[in-house]
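Let's take a walk through the charged pairs and the cysteines of this structure. Keep the viewer open as you read.

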Amino acid sequence: MNAPEKVAAEDALVVAGREYRSRLLVGTGKYRDFDETRRAIEASGAQIVTVAIRRTNIGQNAGEPSLLEVLPPSRFTILPNTAGCYTAQDAVRTLRLARELLDGHALVKLEVLGDPQSLYPNMPETLAAAKTLVAEGFQVMAYCNDDPILAQQLEETGCVAVMPLASLIGSGMGILNPWNLQIIIDRAKVPVLVDAGIGTASDAAIAMELGCDGVLMNTAIAKARDPVRMARAMKAAVEAGRDAFLAGRMAKKPYEASASSPATGLIQKS
Amino acid sequence: MPAPIRIVLNGAPRELPGPLTFTQLIDELSLAGRRVAVERNGEIVPRSRFGDARLAEGDRIEVVIAVGGG
């Protein structure tokens with residue numbers, strides 16, 4: 001084992017008692033086809049991938065490959081989500097179906113949306129759904145706004161991770177409120193993952209430098225001109241940001257330059 | 001011959017030749033061998049019960065799969 005792998009293995013992301021080498025979680029939507037999905041996800045190194053639960057197109061998909069054949073649950077931790085749900089009740093129903101679909105799998109991504117324009121989370125419904133799901137034995141990773149009090153309430157409800165937005169889902173606007181994220185990170189005892197809003201690699205690196213435990217993204221990779229290359233960039237950015245966080249950045253010294261080269265031994269006229 | 005029954009399947013009305021089991025329904029829909037989950041009137045129908053549970057007139061059935069999503 002070479003040194004970088006060793007570092008990664010020692011610094012695992014632990015969610016619901018399970019260890020993951022990769023701190024990058026990726027969605028599987030918006031790709032051109034399953035082949036592009038597979039190649040991008042391979043390049044991202046992600047071990048946890050999100051999927052949506054939808055009605056089958058009756059009579060229209062016989063013989064077509066299915067997503068779970070492309071991304072087999074034997075190789076990936078499949079994280080079913082509740083995207084598109086606007087009530088706690090619909091989210092709970094969706095995840096009960098997901099658990100049946102995935103043979104009793106308990107780790108889920110809860111998101112209950114407030115409206116179809118902003119896709120902003122409806123936090124009262126999210127909290128209500130989280131309560132029910134935790135009582136039913138689900139391990140809930142909850143998409144939430146960047147309110148530290150609500151993040152804390154989700155944790156108290158028994159969520160195994162809180163996932164505040166960096167900016168609106170699919171907006172690519174990056175991290176709009178690092179200060180709120182910092183408060184959430186400082187207080188949380190469960191992993192904090194930035195979910196939604198990442199646009200490019202530097203956004204992911206900044207999230208990790210703040211001390212996030214991981215980053216979840218979909219559109220930033222799927223809608224890049226070259227998704228596979230962007231997936232690779234995101235993998236590197238998450239690793240770089242994590243390393244920078246662990247290394248501990250130098251103190252900022254405004255208006256105080258400090259030369260890197262020795263101040264003595266200069267050749268000069270004297 | 002059993003009388004046909006009417007159900008609502010994924011939001012659309014559908015007539016079945018009789019009170020099929022869920023295994024027969026899955027076959028009828030050409031979904032045999034595929035990874036699906038089924039809900040009847042808001043309650044999960046576990047795969048272990050597909051062989052003996054039967055559909056009834058007026059059942060609201062949802063059949064779902066995993067698809068790409070974020």
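Buried means under 20% relative accessible area, exposed over 50%, and partly exposed anything in between. That scale will be handy for each stop below. Do bear in mind that this is a predicted model.

Let's begin with the salt bridges. Over all chains, the structure holds 18 of them. A good place to start is helix α2 of chain A, which covers residues 34-44. Here A:Arg38 pairs with A:Asp35 in a salt bridge, and their closest N and O atoms are 2.8 Å apart. Both residues belong to this helix and sit three residues apart, about one turn of the helix. How accessible are the two partners? A:Arg38 has a relative accessibility of 32%, so it counts as partly exposed. A:Asp35 is partly exposed as well, with a relative accessible area of 39%.

Now move along chain A to another pair. A:Lys109 and A:Glu111 form a salt bridge in which the closest N and O atoms are 3.3 Å apart. Is A:Lys109 buried or exposed? Its relative accessibility is 3%, and because the buried class takes in values under 20%, A:Lys109 counts as buried. The partner, A:Glu111, also counts as buried, at 3% relative accessibility.

Chain B offers a further example. There, the side chains of B:Asp52 and B:Arg49 meet in a salt bridge, with 3.2 Å from N to O. B:Asp52 has a relative accessible area of 48% and is therefore partly exposed. B:Arg49, at 41%, is partly exposed too. Back in chain A, salt bridges can also link up: A:Asp11, A:Arg23 and A:Arg242 are joined into one network by salt bridges that share partners.

From charges, let's turn to sulfur. A disulfide is a covalent bond between the sulfur atoms of two cysteines. How many disulfides are there over all chains? The count comes to zero, where a pair of cysteine sulfur atoms would have to lie within 2.5 Å to qualify.

Two cysteines of chain A illustrate this. For A:Cys85, the closest cysteine sulfur belongs to A:Cys159 and is 15 Å away, which is too far for a bond. A:Cys85 counts as buried, with 7% relative accessibility. For A:Cys212, the closest cysteine sulfur is in A:Cys144, at 11 Å, so this pair is also too far apart for a bond. A:Cys212 has 0% relative accessibility and therefore counts as buried.

Conventions. Residues numbered from 1 in each chain as written. Chains lettered and ligands numbered in written order. Predicted model: local features only at pLDDT ≥ 70, side-chain atom pairs only at ≥ 80, totals over all residues. Heavy atoms only, no water. Salt bridge = Lys/Arg side-chain N within 4 Å of Asp/Glu carboxyl O. Helix = DSSP H or I, 4+ residues; strand = E, 2+ residues; numbered from the N terminus. Buried < 20%, exposed > 50% of the residue type's maximum accessible area, 1.4 Å probe, protein only.
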